[in-house]
Amino acid sequence: MLYQPERHEALAPIAWDEARARATIQSIFGRTVRAQLEGSYWPWHPNDLEPGDDPSIPALPLYHGAAGVIWALHYLQDVHAAAPEARFGECFESLVEANRAALGGIADDAAASFLIGELPILLMAQGEAPTQARADRLATLIERNLDHPARELMWGSPGTMLAAAFLFEKFGDARWAELYRRTAARLWSQLQWSEEHACRYWTQDLYGRRSTYLDAVHGFVASASVLIRGRDLMEAGDWLEWERAIATTIERTAVVENGKANWRPELLAGDRVQPWLMQFCHGAPGFVICLAHFPSAALDDLLIAAGEAVWAAGPLAKGASLCHGTGGNGYAFLKLYERTRDVRWLDRARAFAMHGIEQVDAAARQHGRLRYSLWTGDLGFAVYLWDCVRAQAAFPSLDVFYGR
C-alpha cells in the first residue's frame with residue numbers, strides 16, 4: 001500500500017458551500033488579528049512546539065511563526081479575500097531582529113533560509129516599501145547561500161533561488177535573474193548520479209546527517225519546482241538539460257500500483273525504514289504541486305496517478321494545514337484541475353476544503369484558539385479555501401509571494 005491508512009480519516013460527506021468557505025476565511029482572518037499579543041506577536045500552538053522550544057517566546061519564522069502570519073494576513077487582503085485592512089509593515093524591522101535573537105547561535109547561518117531566516121521578512125518589507133539598502137542585503141544573502149550544503153528549499157540555495165525569482169518578477173531588475181542563473185548552474189554542478197536508479201539526485205547535509213530526500217520541502221522535487229518556475233530565465237539548452245534530468249528522476253523514483261503513484265522520502269536510505277507518507281512535505285501531494293507547471297506532457301500520467309493516490313488515502317488526520325494536512329493535499333487536486341481542466345479534480349479539492357473546515361473548527365474547540373501559522377496552521381488553510389473559491393491554485397509562498 002502506498003500510504004498508511006492510520007494517518008488518514010474518512011472524508012466527511014459535506015457538499016461544497018462557497019458562503020461557508022468565505023465565512024471561514026474571514027473568521028480565521030479576524031480571529032488572528034484579534035489574537036495578536038499586546039506588544040508582541042502570536043502565541044504558540046501546542047502542536048507546533050518541539051522539544052526545547054520556549055512557549056513564552058513567540059514563534060517568528062515564515063514557516064510556522066509571525067512572519068508567515070503577517071504574510072497571510074497581507075495576502076488575503078491583497079487578493080480581496082478578507083477585510084478589513086490590517087497591515088503590519090511597521091513590524092518588519094523589529095521582526096528581523098527578534099527572529100535573529102530567537103535563532104541565537106545559528107542566526108548568521110540561518111539568515112538566508114527561505115522558510116526560517118530573515119530573508120523572507122526582507123522580501124515582504126521590500127514588497128511594501130523597496131529600498132536600495134534592503135535590495136543589496138537580499139542580494140548578499142542570495143549570493144552567500146550559493147554553496148549551502150543543504151541543497152533544498154527550507155535552508156539551502158533552492159530557497160534563495162526562489163527568492164531571486166520572486167524579486168525579478170516583482171521588480172524586473174537583471175541582478176535577480178543573474179543570481180537565479182548562478183544558483184541554477186551551481187545546483188547543476190552539485191547533482192550526483194545514482195547507478196542503482198539511473199538518475200540524478202542531490203544530497204542534503206541537514207540536521208546532523210546526510211540525506212537524499214526527494215520530497216517537496218527538503219528534497220529533489222522542491223528544487224525542481226523552482227527550476228521549472230524560472231526556466232525562462234535560462235538559456236534554452238540549459239533548460240532542456242534540466243527538463244530531461246527532472247523527468248528522469250521523477251519517473252525512475254515513482255512507485256505505481258493499480259493506477260496510483262507515490263514516492264518514498266529518500267532515494268538512498270540505506271537500512272533506514274522509509275514510511276509511505278501521503279502529505280505535501282513527503283509524498284505524492286507535494287510531487288503534483290511542485291511539478292504541475294512542468295512544460296511537457298511527459299509526466300502527466302504519473303501526476304494523475306499521484307492525484308488518484310491522494311484521493312484514495314483521504315484527508316489527513318493531523319488537521320487542515322498545508323505542510324502535513326488536508327489543505328496541502330487538496331492543493332494537488334487544484335493543480336490537476338488547472339492542468340487538465342477535468343472538473344472532478346476541482347470537486348475533490350472542494351470536498352477536502354469542507355472536511356478541512358470541520359477540522360479547523362474541531363481543533364479550535366479543543367485548544368481554545370486557532371493555530372497561528374502559515375505552513376503548519378490555519379492561515380495557510382484560509383489561503384487554500386480562497387483558491388477553492390476562485391478555482392485556481394497558488395500555493396502560499398511557493399507559487400506566489402507578492403499578492404499586489
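**Exercise 1. Cysteines.** Find how many disulfides the structure holds, and work out where C199 and C290 stand.

*Solution.* Start with the count: there are 0 disulfides here, a disulfide being a pair of cysteine sulfur atoms within 2.5 Å. Next, take C199, whose nearest cysteine sulfur belongs to C290 and is 17 Å away. Then turn to C290: its sulfur is too far for a bond, because the closest cysteine sulfur, in C323, is 11 Å from it. Finally, check accessibility. C199 is buried, with a relative accessible area of 0%, and C290 also counts as buried, at 5%. (Buried means under 20% relative accessible area, exposed over 50%, partly exposed in between, with a 1.4 Å probe and protein chains only.)

A note before going on: the model is predicted, so local features need pLDDT of at least 70 and side-chain atom pairs pLDDT 80 or more, while totals for chains, interfaces and linings use all residues. Residues are numbered from 1 along each chain as its sequence is written, and side-chain values use heavy atoms, leaving out hydrogens and water.

**Exercise 2. Around S225.** Place S225 in its helix and list what it touches.

*Solution.* First locate S225: it lies in helix α9, residues 220–229 (helices are DSSP runs of H or I with at least four residues, strands runs of E with at least two, numbered from the N terminus). S225 is buried, at 12% relative accessibility. Now look beyond four places in sequence: S225 touches C290, the cysteine met above, and L398, where contact means heavy atoms within 4.5 Å. As a last step, compare sequence with space: S225 and L291 are 66 residues apart in sequence, yet their C-alpha atoms are 6.1 Å apart.

**Exercise 3. Positive phi.** Describe the backbone and surroundings of H80 and Y207.

*Solution.* Recall that most residues other than glycine have a negative phi. H80 has a positive phi, near 65 degrees. Its place is the loop between α2 (66–78) and α3 (92–103), and H80 is exposed at 68% relative accessibility. For Y207, phi is near 55 degrees, again positive. Y207 sits in the loop between β3 (204–206) and β4 (209–211) and is exposed, with a relative accessible area of 58%.

**Exercise 4. A contact list.** Which residues does L227 contact, leaving aside neighbours within four places in sequence?

*Solution.* Go through them in sequence order: M161, Y180, A184 and W202 come before L227, then M234, W239, W242 and I246 follow.
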